[in-house]
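Welcome, and please open the model in your viewer. We will go from stop to stop, selecting a few residues each time.

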Amino acid sequence: MPLAFRILPAANLVHVRYWGFAEIEETEQAMRACFARPDFRPGMRHLVDFTAVEGFSRDYAGFMRLQAGVADLLLGEPVETMLVIVAGSPSGR
């Protein structure tokens, strides 16, 4: 899987790092695993690093399904989430 995440509860932060070719299915698997961890809390800040991404799936319908799935997983949690994405490469952007 070309991504990894770390949950840093003391900083209220989830750090996600991608590399290589980013796929929708692998992203969904990682998100489900992250959200299922006992140290994950809705409302945590997310720092996502796309600097080592070399390409990505252009399945835009799949991406929309992924976003809807995220909403379903967090449904009922009335908290805001801050998301910062670092994307210094053309592929990452």
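Before we start, one definition: a residue is called buried when its relative accessible area is under 20%, exposed when that area is over 50%, and partly exposed in between. Aspartate 59, with a relative accessible area of 32%, is therefore partly exposed. Please keep in mind that this is a predicted model.

**Stop 1: the salt bridges**

Stay with aspartate 59 and add arginine 65 to the selection. The two form a salt bridge, and their closest N and O atoms are 3.9 Å apart. Unlike its partly exposed partner, arginine 65 is exposed, at a relative accessible area of 56%. In general, side chains of opposite charge can pair when their charged atoms come close.

How many salt bridges does a search of the whole structure find? It finds 3. For another one, select aspartate 39 and arginine 37, whose side chains meet at 3.1 Å, N to O. Aspartate 39 is partly exposed at 22% relative accessibility, and arginine 37 is partly exposed too, at 34%.

Now select arginine 32 and glutamate 28, which form a salt bridge with their closest N and O atoms 3.2 Å apart. These two residues are 4 apart in helix α1, so about one helical turn separates them. Arginine 32 has a relative accessibility of 42% and counts as partly exposed; glutamate 28, at 31%, is also partly exposed.

**Stop 2: helix α1**

Widen the selection to residues 24–36, which make up helix α1. Its 13 residues reach 18 Å from the first C-alpha to the last, close to the 18 Å expected at 1.5 Å a residue.

Which residues of α1 are buried? Color Ile24, Thr27, Ala30, Cys34 and Phe35 to see them. They lie on the same side of α1, because they cover an arc of only 130° around the axis. Turn the helix around and you will meet Glu25 and Ala36, which are exposed on the other side.

Next, pick methionine 31, also in helix α1. Leaving out residues up to four places away in sequence, methionine 31 touches Leu66 and Val70. Try a distance label as well: from methionine 31 to valine 16 it is 9.7 Å, C-alpha to C-alpha, although they are 15 residues apart in sequence.

**Stop 3: two loops**

Go to asparagine 12, in the loop between β1 (3–8) and β2 (13–22). What is the phi of asparagine 12? The angle is near 55°, a positive value in a residue other than glycine. Asparagine 12 is partly exposed, with a relative accessible area of 25%.

Then move to threonine 81, in the loop between α2 (60–74) and β4. Threonine 81 counts as partly exposed, at 39% relative accessibility. Not counting residues up to four places away in sequence, threonine 81 touches Gly43, Met44 and His46. From here to alanine 36 the separation is 45 residues in sequence and 17 Å in space, C-alpha to C-alpha.

**Stop 4: a nonpolar patch**

For the last view, switch on the surface and select Met82, Val84 and Val86. Together they form a nonpolar patch with about 250 Å² of accessible area. Valine 86 lies in strand β4, which covers residues 83–86, and it is partly exposed with a relative accessible area of 38%.

Technical notes: Residues are numbered from 1 along each chain as its sequence is written. This is a predicted model: local features need pLDDT of at least 70, side-chain atom pairs count only at pLDDT 80 or more; totals for chains, interfaces and linings use all residues. Side-chain values use heavy atoms; hydrogens and water are left out. Patches are made of residues with over 30% relative accessible area and no salt bridge: like charges are joined within 9 Å, nonpolar side chains (Val, Leu, Ile, Met, Phe, Trp, Tyr) within 5 Å. Accessible areas come from the Shrake-Rupley method with a 1.4 Å probe; for residues, only the protein chains shown count as cover. A salt bridge is a side-chain nitrogen of Lys or Arg within 4 Å of a carboxyl oxygen of Asp or Glu. Buried means under 20% relative accessible area, exposed over 50%, partly exposed in between (1.4 Å probe, protein chains only). The expected span of a helix is 1.5 Å times one less than its number of residues. The arc is that of the directions from the helix axis to the C-beta atoms. Contact means heavy atoms within 4.5 Å.
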